[in-house]
Amino acid sequence: MAHRNPETDHKSEPPALNAYRSEHGQLLVWCVYERRWHFHGGCEGPGTADGHRGAHCIEVTPYRKTGYYIREVGPFTPVIRRRRGR
Ligand SMILES: [Zn+2]
């Protein structure tokens with residue numbers, strides 16, 4: 001498993017994506033296919049919104065087929081914004 005990329009190495013299983021909480025309580029996940037952030041509702045507090053989500057992709061991407069799991073890992077910061085979800 002060491003060489004797998006959980007963001008893209010999925011044929012049928014939903015990938016697991018890191019999510020970052022904005023100051024407005026939304027969770028942001030980086031879409032590697034569309035190269036933009038997707039916003040999801042963040043629920044009550046850290047970790048409470050983790051789980052499977054339907055993809056917010058506008059283009060036809062692999063995420064559209066499977067959705068993805070989001071896992072909140074921390075606040076959305078300018079550094080994270082530049083690193084784009086990695
Ligand atoms: Zn997308």
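These are my notes on the fold, sheet and core of one protein chain.

**Ground rules**

I'm working with a predicted model, so local features need pLDDT of at least 70, side-chain atom pairs count only at pLDDT 80 or more, and totals for chains, interfaces and linings use all residues. Residue numbers start from 1 along each chain as its sequence is written.

**Elements**

I looked up the secondary structure and got two helices and five strands. Here helices (H or I, at least four residues) and strands (E, at least two) are DSSP runs, numbered from the N terminus. Reading from the N terminus, I get β-β-β-β-α-β-α.

**Sheet**

How are the five strands ordered in the sheet? I find an open sheet with the order 3-2-1-5-4 and mixed pairing. Two strands pair if DSSP finds at least two bridges between them. Strand 3 (36-41) and strand 4 (51-53) are the edge strands, each pairing on one side only. I also checked the twist: on average, neighbouring strands are turned by 45° against each other, direction ignored. The axes behind that angle are lines fitted to C-alpha atoms (for helices, over the stretch in contact), and angles run from 0 to 180 degrees between N-to-C directions.

Reminder to self: strands of a sheet pair through backbone hydrogen bonds, either parallel or antiparallel.

Next I went pair by pair.
- Strand 2 and strand 3 run antiparallel, joined by six bridges; Trp-30 has Trp-37 of strand 3 as its bridge partner.
- Strand 1 and strand 5 are parallel, over six bridges; Ala-19 is partnered by Glu-72 in strand 5.
- Strand 4 and strand 5 are antiparallel, over three bridges; the partner of His-52 in strand 5 is Tyr-69.

**Burial and core**

I counted burial next: 20% of the 86 residues are buried. Buried means 20 or more other C-beta atoms within 10 Å of the residue's own, exposed means 12 or fewer, and partly exposed is in between, with C-beta atoms placed from the backbone.

Which residues touch the most other members of the largest nonpolar core? Among its 13 residues, they are Leu-17, Ala-19, Leu-27, Leu-28, Val-29, Tyr-68 and Ile-70. Strand 1 (16-21), strand 2 (26-31) and strand 5 (68-75) are the elements that give two or more residues to this core, and strand 2 supplies the largest share, five residues. The core is a set of buried Ala, Val, Leu, Ile, Met, Phe, Trp, Tyr and Cys residues joined through C-beta atoms within 7 Å.

**Contacts**

Last check: of the contacts with a separation of 6 or more, 50% link residues 24 or more positions apart. A contact is two C-beta atoms, placed from the backbone, within 7 Å.
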